[in-house]
Amino acid sequence: MVTLLERGKTPPTPARTTSTVDVAIIGMGPWGLAALERLVSDAIELGTAGPDLTVHVVEPAEPGSGLYGGDQPDYLILNTPCGQHSMYPFPERARGRLGMGFYDWAVASGYRWVGDHCEVSPEGRPITRDDFLPRRLMGEYLAWFYRVLVAEMPDSVRIVHHKTSATDIVGRDDHEFVLLDDGTVLRVDHAILTTGQTQNGSQGSGPVLAPYPVERFDAAIAPGASVVVRGMGLVAIDVIIALTLGRGGRFVRDAEGHLLYEPSGTEPDIAMYSRSGHAYCAKSMGSADIFEHYGPRICTPDAIAELCFDEDGQRRRVDARSELLPMLLAEMTTTFYAESARLADGEEGAAETADLLADAYFEGDFEAEVERCAKRFGRFDAGSHLFVGEGETFVDSAGAQAQVMQVIADDVAEALVPGGASPVKRAYEVLRALRDVVRSVVEFGGLSLESHRDFQEHIRNRITRIVAGPPVERCEQLLALLEAGVVRVPFGPAPIVMIEPGGVTVRSRALARPSTEHFDHLILAHLDQPTVHTSASPMLSALYRKGRVRQFRIDGEDLGSIDLTADFHPIGADGSVERRLWVFGALSEGPRYFTAYIPSPASRVRAFVDAGICSEQILEAGR
């Protein structure tokens, strides 16, 4: 479906219509803001040809900011450079509207780096597009952008903020009735659910702690207490930084530029573990989002269509590991050697190398061509990078930790290559550029039942580790903490964890000399996919109890999350489609793939495209 903005034409302006449409957006974080932006933009495009629109924003906090509240400490930073964020998905088509991107907003607001803090000040270092800014600034930007949309809305649009939560949605006749916690009942034509990372049941008790807000660790965890952190990804980095830098520790560089950690003496004793046993990879310094200008050589539209559809044009179930993954790994390998050739021979050499490898892939001679490239540029095994640590065993804890530290050090070295020109990191970026390709294969039941389980449990997190990691500074800091002995990784991959009265015991699986330790606290440093059958949200629980939503399922087997149609409507317990309800964002993860991001142009524009489909259908139905 072509969106109004994609048409690029101003519609005719007949006499004012008298039709009206009422919409509730439940949850006004980044995804709710994307839905509102599309509704306002489309209403501006339609002009007097569109209906009168009332948008009820149901959000107990400040609209827009979501998880990025202004009270967060500055050491909690974003994991994407500020120059890659903008809440205008198509900035070149803004045509004089008020908004601006995150970087431009931060500079116009007067923010500069004063030491390790971002402050409105004439002093300090100017912000650059490559900086990873504190999350609280993103919260300020998103809240500002909400106010921009309110200021921009045409006369035909009214936005009403309800500073409370939704507890239920009742469908009756041709309308939805949204019940709010303050007793208000909203009568609307459509309800858009963008509730974000809703909790599933209880979020930790006794020795088990949830990861956020990190500030509560000061009261819950005493200096010198023993803590084990489950996870080694982005959330775990937040936890580790809060327990070290957040407690007065300092990172300094020695005369050779090596990063060191100076403890404050108030840190706990920290250990980490994860299923893979390895930390997330660092984002390169100065690297750009290659989504818009990357042309796949192996995962071409024709090759993906052949994978997903049979000879009769019917959608078939794909096995991600045996059918999709080899194509992705071949694409990564091609990019590695093409980038290596570019550094040696320029653009012409890169294009020639990429052509040779792509032709060899489709002619069944890929491995031989890779061998020829490896003789000149060195060997690159994409699979070993993606599945680092799989099947590893070690003699003892020291060997396991040494391997983890070596992998981090090697990755940091690649991330520090100027301009993001590391062939290894360019190969990693392929997985970000091909997110929509992966989505087209795996979403909405595109995988077989067993392959879906394999993808969710093993493949998805490995891809995320490669391309959705922290800034390289954070990985340098983790390495410094490991070298200082403040943080340890003593267990190897996938240890056994036993929660007991008064603490937690962790026992290694992959060490010849087993390691067992007892800890005072376990921090669950990961975010589970939101569900409907175990949700702590009163609204989602009510919808599930009444059968208006059900768990995502393949071949009749419930798999958690929420079941959706390909056009974003929830499916009820009896298989009926709830056409007046729409679901976007983290709640849709499961039938969808990689929704945990702030909508922006380039590789994060999908949120706006999908919200645009929703907006167009809502406004067209009201005309």
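The exercises below, each with a worked solution, deal with salt bridges, a pocket and cavities in a predicted model.

**Exercise 1. A salt bridge between separate parts of the chain**

Find which residue meets the side chain of R606 in a salt bridge, and work out which parts of the chain the pair ties together.

Solution. Begin with the side chains themselves: R606 meets E443 in a salt bridge, with 3.0 Å from N to O. This fits the cut-off for a salt bridge, which asks for a side-chain nitrogen of Lys or Arg within 4 Å of a carboxyl oxygen of Asp or Glu. Next, place each partner in the chain: R606 belongs to helix α17 (residues 606-621), whereas E443 sits in the loop between α13 (435-442) and α14 (449-467), so the salt bridge ties together parts that are 163 residues apart in sequence. Then consider exposure, where both R606 and E443 turn out to be buried. Finally, look at the surroundings of the pair, since R606 and E443 belong to a network of salt bridges that also links D436, R439, R592 and D610. A search of the whole structure finds 42 salt bridges.

**Exercise 2. A salt bridge inside one helix**

Determine where E450 and R453 lie, and decide whether R453 is buried, partly exposed or exposed.

Solution. The side chains of E450 and R453 meet in a salt bridge, at 2.7 Å from N to O. Both residues lie in helix α14, and they are three residues apart, which is about one turn of the helix. For the second part, recall that buried means under 20% relative accessible area and exposed means over 50%, with partly exposed in between. R453 has a relative accessible area of 25%, so this residue is partly exposed.

**Exercise 3. Two loops joined by a pair**

Explain why R548 and E578 count as buried, and state where in the chain each of them lies.

Solution. First, identify the contact: R548 forms a salt bridge with E578, and the closest N and O atoms are 2.6 Å apart. The two residues are 30 residues apart and link distant parts of the chain, with R548 in the loop between α16 (538-545) and β21 (553-554), and E578 in the loop between β22 (557-558) and β23 (581-583). Now apply the cut-off of under 20% for a buried residue. R548 has 10% relative accessibility and therefore counts as buried, and E578, at 15%, counts as buried too.

**Exercise 4. The second largest pocket**

Describe the lining of the second largest pocket, and name the element that supplies the largest share of it.

Solution. The pocket has a volume of about 830 Å³. Its lining is made of 26 residues, and those nearest the centre are W113, D116, E473, R474 and Q477. Turning to the elements, β13 (250-253) and α15 (472-484) each supply at least two lining residues, and the largest share, five residues, comes from α15. Sorted by class, the lining holds twelve nonpolar, four polar and ten charged residues.

**Exercise 5. Two cavities**

Find how much space lies in the largest cavity and in the second largest cavity, and describe what lines each of them.

Solution. The structure holds four cavities of 30 Å³ or more. The largest has about 70 Å³ of space, and of its 14 lining residues, G277, A400, V404, G492 and P493 are the closest to the centre. By class, this lining has nine nonpolar, four polar and one charged residues. The second largest cavity has about 50 Å³ of space, and helix α6 (residues 234-243) gives the most to its lining, with three residues. Among the residues that line the second largest cavity are Y75, R135 and R474.

Technical notes:
Residues numbered from 1 in each chain as written. Predicted model: local features only at pLDDT ≥ 70, side-chain atom pairs only at ≥ 80, totals over all residues. Heavy atoms only, no water. Helix = DSSP H or I, 4+ residues; strand = E, 2+ residues; numbered from the N terminus. Buried < 20%, exposed > 50% of the residue type's maximum accessible area, 1.4 Å probe, protein only. 1 Å grid on protein atoms, 1.4 Å probe; cavity = no way out; pocket = protein on both sides within 12 Å on 5 of 7 lines; lining within 4 Å. Points joined across faces, edges and corners; volume = space filled by probe spheres on them. Nonpolar A, V, L, I, M, F, W, Y, C, P; charged D, E, K, R; others polar.
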